[in-house]
Amino acid sequence: MRRDLLDLPVLLLGAASALVDGINAGIRARGFTDLRPAHGFAFVRLAPSGATVVELAEHLGVTKQAASQMADELVRKGYVARRPHPSDARARLLTLTERGWACTRAADEAASEVLRPWADALGADQVAAVRAALSALTVPGRIRPTW
């Protein structure tokens, strides 16, 4: 196999790590010092309209017990609330609190700060080409940490 093709995973993972590290540094600088990057991946799933622990576990690729422990931690820290599920009386819906939404906005700001120099270095045409190429290769949906 060609060397330049074998380098591709290293480059993609390196870019992903730089983005995650930059977002983490940005949220910490904005006062959210009690979170880990894995929490951000949970926020991605909770942000639209909430999720059950089972849905969160599927999204993160972890056991239900691990997702439940993370949910407990995020509830304790004030980022997530448990609410009655609107269509399943047996389930509880995990939703972001105002603090969770504030952290999500901080993460968006931090992501923009990390990505701005990338866009400046590449230029609009290359950014569009990279985005199109990655869109062709990526299955939309789950965004989760590499455990």
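The exercises below work through a predicted model of one protein chain, each with a solution in steps.

**Exercise 1. State how many helices and strands the chain has, and give the order in which they run.**

Solution. Begin with the count, which gives five helices and two strands. Next, follow the chain from the N terminus, where the elements run α-α-α-α-β-β-α. Finally, place this fold in space: the C-alpha atoms fill a box of roughly 55 × 35 × 25 Å along the principal axes.

**Exercise 2. Describe the chain as a whole in terms of burial, contacts, surface and charge.**

Solution. Start with burial, for which the chain of 147 residues has 29% counted as buried. Then turn to the contacts between residues at least 6 apart in sequence, of which 56% join residues at least 24 apart. For the surface, the chain exposes about 9500 Å², and 60% of this area is supplied by carbon and sulfur atoms. Lastly, count the charged side chains: there are 19 positive and 15 negative ones, and the centres of these two sets lie 7 Å apart.

**Exercise 3. Decide whether helices α2 and α4 are roughly parallel or roughly perpendicular, and name the residues that make their contact.**

Solution. First locate the helices, with α2 covering residues 37-46 and α4 covering residues 64-76. Their axes are 11 Å apart and meet at an angle of about 95 degrees. Angles of 65 to 115 degrees count as roughly perpendicular, and α2 and α4 are therefore roughly perpendicular to each other. On the α2 side the contact is made by Ala-38, His-39, Ala-42 and Phe-43, while α4 contributes Met-70, Glu-73 and Leu-74.

**Exercise 4. Identify the buried residues of α2 and the elements against which they pack.**

Solution. The buried residues in α2 are Ala-38, His-39, Phe-41, Ala-42, Phe-43 and Leu-46. As a second step, look at what surrounds them: these buried residues pack against the helices α1 (3-29), α3 (53-60), α4 and α5 (98-137), and also against the strands β1 (80-84) and β2 (92-96).

**Exercise 5. Work out how α3 and α4 are arranged, and which residues meet.**

Solution. The axes of α3 and α4 are 8 Å apart, and the packing angle is about 110 degrees. These two helices are therefore roughly perpendicular to each other. In α3, the residues Val-53, Val-54, Leu-56, Ala-57 and Leu-60 meet Lys-64, Ala-67, Ser-68 and Met-70 of α4.

**Exercise 6. For Asp-4 and for Ala-119, find the helix, the degree of exposure and the distance to a second residue.**

Solution. Take Asp-4, which lies in helix α1, and whose relative accessibility of 47% makes it count as partly exposed. From Asp-4 to Gln-126 there are 122 residues in sequence and 18 Å in space, C-alpha to C-alpha. Now take Ala-119, placed in helix α5, which at 33% relative accessibility counts as partly exposed. Between Ala-119 and Asp-88 the separation is 31 residues in sequence and 44 Å in space, C-alpha to C-alpha.

Definitions and conventions: Residues are numbered from 1 along each chain as its sequence is written. This is a predicted model: local features need pLDDT of at least 70, side-chain atom pairs count only at pLDDT 80 or more; totals for chains, interfaces and linings use all residues. Side-chain values use heavy atoms; hydrogens and water are left out. Helices (H or I, at least four residues) and strands (E, at least two) are DSSP runs, numbered from the N terminus. Buried means under 20% relative accessible area, exposed over 50%, partly exposed in between (1.4 Å probe, protein chains only). Contact means heavy atoms within 4.5 Å. Accessible areas come from the Shrake-Rupley method with a 1.4 Å probe; for residues, only the protein chains shown count as cover. Lys and Arg count as positive and Asp and Glu as negative; His and the chain ends are not counted. The place of a charge is taken as NZ of Lys, CZ of Arg, CG of Asp or CD of Glu. Axes are lines fitted to C-alpha atoms, for helices over the stretch in contact, and angles run from 0 to 180 degrees between N-to-C directions. Angles under 35 degrees count as roughly parallel, over 145 as roughly antiparallel, 65 to 115 as roughly perpendicular and the rest as oblique.
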